[in-house]
Amino acid sequence: MLRLGPASEWLIWPIPTLISPFVGVFYPITILPGWMQAISRILPPTYVFEGLRSMVAGKPAPWDRLVIGLALAVVFVVLACAVFAAVYRYAIRTGLIARYSAETVS
């Protein structure tokens, strides 16, 4: 949003819809094709949904899998912070922040 402005919202909002088949919101990951399973293994919500699915089935919570999901989430947050910092520095350097600043609104 900082890089492309408010008009880029139409790029952001469909992302959860595009990701939901890969994380097993509606069905187990095991029924996906191999290439989709490979993608789902790097997404943290996959481990949450699979863990919930196993607990609903009466099995104990798969703590080892949930720890993997937590570790992936931490890695993604750190990467997101790095990307945000880079985009923020770029926006400050090029003056994009000044254009969308609330200080200029009277």
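In which helix is the place of Gln37?

## Gln37 and its surroundings

In this predicted model, Gln37 has its place in helix 3, which covers residues 34-40. With a relative accessible area of 18%, Gln37 is buried, because the cut-off for that word is under 20%.

A polar atom of the Gln37 side chain lies 2.8 Å from the backbone oxygen of Leu32. When residues up to four places away in sequence are not counted, Gln37 touches Ile29, Thr30, Ile31 and Leu32, and Leu32 is thus named both in this set of contacts and in the pairing with the side chain of Gln37.

## The nonpolar core

The largest nonpolar core is made up of 6 residues, namely Phe22, Val23, Ile29, Leu32, Met36 and Leu43. Two of the residues that Gln37 touches, Ile29 and Leu32, belong to this core.

Ile29, again leaving aside residues up to four places away in sequence, touches the core members Phe22 and Val23, and its other contacts are Gly24, Gln37, Ser40, Thr46 and Glu50.

## The salt bridge in helix 4

Glu50, one of the residues that Ile29 touches, also takes part in the 1 salt bridge that the structure holds. In this salt bridge the side chain of Glu50 meets that of Arg53, at 2.9 Å from N to O.

Glu50 and Arg53 are separated by about one helical turn, because they are 3 residues apart in helix 4, which covers residues 44-56. Glu50 is partly exposed, with a relative accessible area of 26%, and Arg53 is likewise partly exposed, with a value of 26%.

Notes
Residues are numbered from 1 along each chain as its sequence is written. This is a predicted model: local features need pLDDT of at least 70, side-chain atom pairs count only at pLDDT 80 or more; totals for chains, interfaces and linings use all residues. Side-chain values use heavy atoms; hydrogens and water are left out. Helices (H or I, at least four residues) and strands (E, at least two) are DSSP runs, numbered from the N terminus. Buried means under 20% relative accessible area, exposed over 50%, partly exposed in between (1.4 Å probe, protein chains only). A polar contact is a pair of N or O atoms within 3.5 Å; within protein, one must be able to donate a hydrogen and the other to accept it, and residues adjacent in sequence count only if both atoms are side-chain atoms. Contact means heavy atoms within 4.5 Å. A nonpolar core is a set of buried Ala, Val, Leu, Ile, Met, Phe, Trp, Tyr and Cys residues joined through side-chain atoms within 4.5 Å. A salt bridge is a side-chain nitrogen of Lys or Arg within 4 Å of a carboxyl oxygen of Asp or Glu.
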